[in-house]
Amino acid sequence: AEVAGLGYSIQSTTVGIQLVFAGYSHKLLDLVEEVIKRLLAFKPKLERYEVLKELMQKDFENTRFDQPYQQAIYATSILCLQKKWHIKEYLEVLKHLTFQDFEVFLGRIMQRVSNQVMILGNLTKTQCVGFVKTMEGILGSNGTRAIFGSQFPEKRVVQLEGGRDYVYSQPVGNEEEENGAVNIMFQIGRDSFKRNTLMQLWVQIAERAAFHTLRSVEQIGYIVCVMGWDSHQVKNVYFILQSSSHHPSSIDASVEKFLVSFKTRLAEMEEKEFEDQKSSLEQVKLEKLKSLGQESKRYWKEIDESAFSFKRQELEVEELKKLTREELLEFHQTYFEVGSANRRKLSIHMVSHKMPNPEGDGKSDAAVIEDVHKFKRTMHVIPCAFAADNR
């Protein structure tokens with residue numbers, strides 16, 4: 001395949017298997033067909049199984065050496081995604097997994113499937129439709145049937161209660177690690193073109209101001225980042241900070257002080273600067289993609305999340321042009337200001353074993369999460385996103 005200018009990869013996802021093919025279109029569909037046939041006929045070997053199992057176990061065990069900020073992001077996903085296995089659970093299963101278990105699994109995995117196909121490039125509609133029918137024929141001849149509607153995988157996100165703050169604290173995995181970290185998440189809400197652009201504009205303005213205040217002035221640490229984060233079409237804002245000199249609770253308090261001062265910054269912003277910020281974001285959103293790979297990733301995300309907004313950039317720019325300073329200030333007050341009924345904040349504190357306890361009584365109005373599973377069971381979940389939700 002490589003000699004013919006073709007390539008492919010097989011990846012596991014949270015809901016199944018993803019096959020990615022790339023290369024010259026002349027023989028690309030032939031390669032896809034051949035790979036699928038070989039996957040269906042695959043027979044594992046015990047020796048290879050043992051090697052890969054050991055490598056996987058080491059990879060899982062080594063996650064405790066990840067940077068504290070990476071551990072904080074991971075802990076956020078565990079708390080916010082309704083269905084997500086923890087690495088500790090994977091390790092527990094892996095210890096008792098046998099080659100016979102794996103063989104049984106392979107025999108069952110393709111009994112019922114649901115497939116989504118995206119074909120992008122120099123191929124006609126007739127070729128694409130014909131290929132999908134061929135692929136379905138191959139699966140059917142193997143005895144594969146479509147999944148029931150009740151089996152379709154759901155990607156659901158826990159909905160934080162409005163007007164409440166939550167905090168979850170745990171030690172970093174590596175006892176010798178001097179750094180601690182926080183990931184402070186503000187849950188904004190479901191996919192909406194106008195709200196998306198308000199969030200993106202807010203983040204664009206806030207990231208430089210936060211870096212100056214928290215990194216340059218307060219010297220909290222080298223990693224200070226403000227960014228938008230998408231969890232299954234639910235929009236969030238992350239404050240990610242890592243430090244060897246500041247306790248996570250102290251960092252959390254500094255972020256709150258920054259948000260108060262940033263409100264003043266937005267309120268006093270000149271109209272020209274506001275329009276310049278809008279123009280800068282518009283240029284980023286309308287920047288031409290440089291490769292077919294970038295284009296495919298953008299489109300596949302829309303398919304994978306059942307959003308299907310393939311003109312997202314253009315539609316969001318239309319909303320961006322209509323935004324006003326008053327709306328941006330209102331967005332800040334709604335989602336970031338203490339006391340707002342729509343503020344939904346989750347703070348993840350990864351505490352270094354070498355970090356002394358902070359001075360003061362440490363009192364906070366935030367609800368402390370002690371049991372992750374109990375917390376998730378008692379929370380509502382946000383409905384799945386669909387294309388119509390953006391209208």
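This report describes a sheet and the packing of several helices in a predicted model.

## The sheet and its strands

The sheet is open and contains 6 strands, which follow one another in the order β8-β9-β7-β10-β6-β11. Pairing within this sheet is mixed. Its edges are formed by β8 (223-231) and β11 (367-368), each of which pairs on one side only. At the β11 edge, strand β6 (residues 164-171) is the partner, and the two strands run parallel over 2 bridges. Within this pairing, Val167 has Val368 of β11 as its bridge partner.

At the other edge, β8 is joined to β9 by 9 bridges in the antiparallel sense. These two strands form a hairpin with 2 residues between them. His232 lies in the turn and has a positive phi of about 50°. Val226 has Phe239 of β9 as its bridge partner.

Strand β9 also pairs with β7, again antiparallel, through 10 bridges. Here Ile184 stands opposite Phe239 in β9. Phe239 thus appears in both pairings, as the partner of Val226 and as the residue opposite Ile184.

How many of the residues of β9 are buried? The count is 10 of 10, and the strand is mostly covered. Both of its faces are covered. One side carries Val234, Asn236, Tyr238, Ile240 and Gln242, while the other carries Lys235, Val237, Phe239, Leu241 and Ser243. The buried set therefore includes Lys235, since a residue counts as buried when its relative accessible area is under 20%.

Ser231 belongs to strand β8. Its relative accessibility is 11%, so Ser231 counts as buried. Apart from neighbours within four places in sequence, Ser231 is in contact with Leu81, Val157, Asn236 and Tyr238. Of these, Asn236 and Tyr238 are among the residues on one side of β9.

## Helix packing

Two packed helices are described by the angle between their axes and the distance between the axes. The table gives these values for three pairs.

| Helix pair | Angle between axes | Axis distance |
|---|---|---|
| α7 (residues 193-217) and α9 (residues 271-285) | roughly 110° | within 10 Å |
| α7 and α11 (residues 312-322) | about 75° | 8 Å |
| α8 (residues 248-267) and α12 (residues 325-335) | about 165° | 9 Å |

### Contacts of α7

Helix α7 packs on the sheet and touches β7 (180-190), β8 and β9 (234-243). The direction of α7 makes about 165° with that of β8.

The axes of α7 and α9 cross at roughly 110°, so these helices are roughly perpendicular to each other. Their crossing is right-handed. On the α7 side, the contact is made by Thr197, Gln200, Leu201, Gln204 and Ile205. The α9 side contributes Phe274, Gln277, Lys278, Ser280, Leu281 and Lys285. By class, this contact comprises 4 nonpolar, 5 polar and 2 charged residues.

Helix α7 also packs against α11, at an angle of about 75°, which makes α7 roughly perpendicular to α11. Phe193, Lys194, Asn196, Thr197 and Gln200 of α7 meet Arg312, Leu315, Glu316, Glu319 and Leu320 of α11. This contact divides into 3 nonpolar, 3 polar and 4 charged residues. Thr197 and Gln200 take part in the contact with α9 and also in the contact with α11.

Leu281 is found in helix α9. Is Leu281 buried or exposed? Leu281 has a relative accessible area of 7% and is therefore buried. Not counting residues up to four places away in sequence, Leu281 touches Thr197, Gln200, Leu201, Gln204 and Leu320. Among these, Leu320 is one of the α11 residues in the contact with α7. The C-alpha atoms of Leu281 and Gly140 are separated by 48 Å, with the two residues 141 residues apart along the chain.

### Contact of α8 with α12

Helices α8 and α12 pack at an angle of about 165°, so α8 is roughly antiparallel to α12. The crossing of this pair is left-handed. Leu259, Phe262, Lys263, Leu266 and Ala267 are the α8 residues of the contact, and Leu328, Leu329, His332 and Gln333 are those of α12. By class, 6 residues of this contact are nonpolar, 2 are polar and 1 is charged.

Key: Residues numbered from 1 in each chain as written. Predicted model: local features only at pLDDT ≥ 70, side-chain atom pairs only at ≥ 80, totals over all residues. Heavy atoms only, no water. Axes fitted to C-alpha atoms, helices over the stretch in contact; angles between N-to-C directions. Helix = DSSP H or I, 4+ residues; strand = E, 2+ residues; numbered from the N terminus. Parallel < 35°, antiparallel > 145°, perpendicular 65-115°, else oblique. Left-handed = near helix turned anticlockwise from the far one by under 90°. Contact = heavy atoms within 4.5 Å. Nonpolar A, V, L, I, M, F, W, Y, C, P; charged D, E, K, R; others polar. Pairing = 2+ DSSP bridges. Buried < 20%, exposed > 50% of the residue type's maximum accessible area, 1.4 Å probe, protein only.
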